[in-house]
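Work through the exercises below with the sequence and structure at hand. Each task is followed by its solution.

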Amino acid sequence: MSALPPYASTGQRIWFYTFRYVICAFILFFLIAPIITIIPLSFSSQDFFTFTPEMLALDPAGYSLKHYEDFFTSSDWQKALKNSFLIAPAATLIATSLGTLAAIGLSQSHVPYRRTIMAILISPMIVPLIISAAGMFFFYSRIGLQGEYLGIILAHAALGTPFVIITVTATLVGFDRSLTRAAASMGADPVTTFFKVQMPLIIPGVVSGALFAFITSFDEVVVVLFMGSARQKTLPWQMFTGLREQISPTILAVATIMVAISIVLLTVLELLRRRSERLRGLTPS
Amino acid sequence: MTASTTLDSVDSESHDQAAGQGPLTKDGIPLKRSLARALRREKLRALLLIAPLLAFVLVSFIFPIGDMLYRSVENSIVEKTIPGTVRALNDWDSESGELPSERVFAALADDMMLAQEIKIHTRLGSRINYDQPGISSVFRKSGRQIKKLEREAAMNAFIGLNADWNTPEAWATLTASEQWPAQFRYTAISLDNWKAWLASEEGDDADPAALVPHGFTYATLYHDLSNMSASDLSALATSSDAPVAALFAGVPDALASFPSDDFKGQFAAIEKGWTEIDNWQAIKRLSPPIIDSYFLAAVDSERTDVGVEKKPENERLYLGLFLRTIFLSMVITTSCILLGYPIAYLLATLSVRSSNLILILVLLPFWTSLLVRTSAWKVLLQQQGVINDLLVWVGFISEAGRLVMINNMTGTIIAMTHILLPFMILPLYSVMKTISPTYMRAAKSMGASDTLAFWRIYFPNTVAGIGAGSILVFILSIGYYITPELVGGTKGVFISNRIAYHISSSLNWGLAAALGSILLVLVLALYWTYDRIVGIDNVKLG
């Protein structure tokens, strides 16, 4: 039903167009409109959360960059930004390196207790965040890591590893084992084989796993709320308290910046996916 | 050791067989053995690669979850704070209708003296207060007054009998005797209490070996002695250990005429809460180190003297909240199915080029920060927000009739449906992609109408996708915290919000842990179902 057949009846035609241009259009509008709406609002020259008459009239006076200025000059937001860019990369590094090794191990043909190990490694993704945060808060405060950068980094790394495992394992599924055998038959040792043959092929999976781990940490707020002190507040932490206490339009500016970051990440991921499929000899779809 | 023996025997067996005509490798080792060795090496290598992450996840994630489960039943605080009292209460029959004996009060005075010195009595008070509201002020008030208790009666009686009782040597003799500590259990606890108290009060300079303990310890000693059997008592007075015998000479006969410190009366004068049997029953009930009271509280029940009972109607909270969480999650899941199905269908039937474009519209919200989407809804749904403005402008509602769409269930349902919709669309899409259009054409060629063909042919093929998507959305929704907290007000919050409240505001961590454990079991059960239907390895991202 990708297109309407020429013999379609009037009823069928009406349904076809209603479905496509009314129902689906409405749902897509529902999906995307909230995100699109906040972008112009963030450029408002007023502290309101709705379109002012000047903005609707496209009067330049209705628009300003003052909320962005707030964001870049406020010490609270800058501190939060710095913390976010300190914690997320550190957590990503741990999650990606350990996760990639484990994914390679898991993809070997004979792994004892594979199901159990997989269940344990994936569990941080399944357990609701509030429970992970509660458990980590209790445990980390016992060992004195509560309110420390290290505690949050370790917690975020643990939350990010399942994504690395899943993406890297997915790339390894299509991996042709005869390639490593070919390398070995020509005298390469396992380490050389890994770096020269296997690594280039799985690198897209590793990078997209790392992106997932990064966004997990970058976007995570529950664990930070419980485990962090005021010193470790991150962007989401600052947004959350801002939204809960008194909502200031600066949040919309931050939100717009974060939407821009997601668009960049999404594009990178899509390019990586295509590259990975090309490398493995599949036609990108 | 065992393992290597087994391997050896296996090896020698295969040797025996190979000695005949089994295939050999170039090195002369039987092929079977060589293969087994290679397999073992491969397994080991795989495990070595997995080990670092496994260890990391165990320490940083699984232990904390285990710690939470443990905390939901852990209750060592009572026994740690008032050890003597807990022990003395063992002999008290809580159903007798009588207050505990003077001995229990003496132990309480002794324990409280140390507890208030190191300021842990209020913490104990708050703990017991969770189960016995009102008792925390009893502890707080008694803590302030404890130093004023008269406590010299038993001490003076001992000294009056034998002046040596006023020397540290007497205590050295007692603690060195063969009956110590087996027959002086409470005195031993009291002596430890006193040493800890002394260290806290005087610092490390004070040497307990050069001082005599305070009156509470003498009172405890008196109770230990008067609860001994006559033969044990006389064994002390006639001990072959001369100093012990000298110390206890005359004590057995004099005990009956010892004046009482009357701690019971003194406590009653400080705080009448100590004369209420309910309070003592609560303390006794809560003295075991492992306890189910948090779990009972989490399902709106409590343990009373007649057994486990439901709490009174107006105090029930959590079962209703669990039900609301499940109900709202079901509503959200249903909305996701209704909104997700058409989009997934559209994606599956459009040409690759256009479906990629629409897929981006689905993935952009998926990739956008949760807080960004929540703040967007907060802005849109406000009474002075964009949606209400639009509706007023169009004329659907009047200026005064602006809709309340936030800080209630509506807010939670709208925002969470939006946030979780991609999790429904993606699994549905991957199932629909595999359904060949020829099925529908075949049905229609045999005379089925569009509707019939859809319901009889297409829909049944997508049920697996609906199941997978629904469980995924339901699991995610049931544990949500951030969005309900920000847009749910009081009517639209989930059980997670209550857990967070107990962790950061009320500090009732045990109850938070119990609620969390119940939620965890619920999610794991759902996840197990998901695994049976979809399979853990089929989790796909993006």
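**Exercise 1.** Compare the expected span of helix α19 (residues 352-367) of chain B with the distance between its end C-alpha atoms.

Step 1. Helices are DSSP runs (H or I, at least four residues), numbered from the N terminus. The expected span is 1.5 Å times one less than the number of residues.
Step 2. Because α19 of chain B has 16 residues, it should span 22 Å; the end C-alpha atoms lie 21 Å apart, which agrees.

This is a predicted model: local features need pLDDT (the predictor's confidence in each residue, from 0 to 100) of at least 70, side-chain atom pairs count only at 80 or more, and totals for chains, interfaces and linings use all residues. Residues are numbered from 1 along each chain as its sequence is written, chains are lettered from A in the order in which they are written, and side-chain values use heavy atoms, without hydrogens and water.

**Exercise 2.** Which residues of α19(B) are buried (under 20% relative accessible area, 1.4 Å probe, protein chains only), and what do they pack against?

Step 1. Among the buried residues are B:S355, B:I358, B:F366 and B:W367.
Step 2. In chain A, the buried residues of α19(B) pack against α1 (10-41), α9 and α12. In chain B, their partners are α18, α20 (370-381) and α22 (409-432).

**Exercise 3.** Where in chain B is confidence lowest, and where highest?

Step 1. The mean pLDDT of chain B is 86, and 94% of its residues reach 70 or more.
Step 2. Helix α1 (residues 2-20) of chain B is lowest, at a mean of 46, and helix α18 (residues 318-349) of chain B is highest, at 94.

Technical notes:
Helices (H or I, at least four residues) and strands (E, at least two) are DSSP runs, numbered from the N terminus. Buried means under 20% relative accessible area, exposed over 50%, partly exposed in between (1.4 Å probe, protein chains only). Contact means heavy atoms within 4.5 Å.
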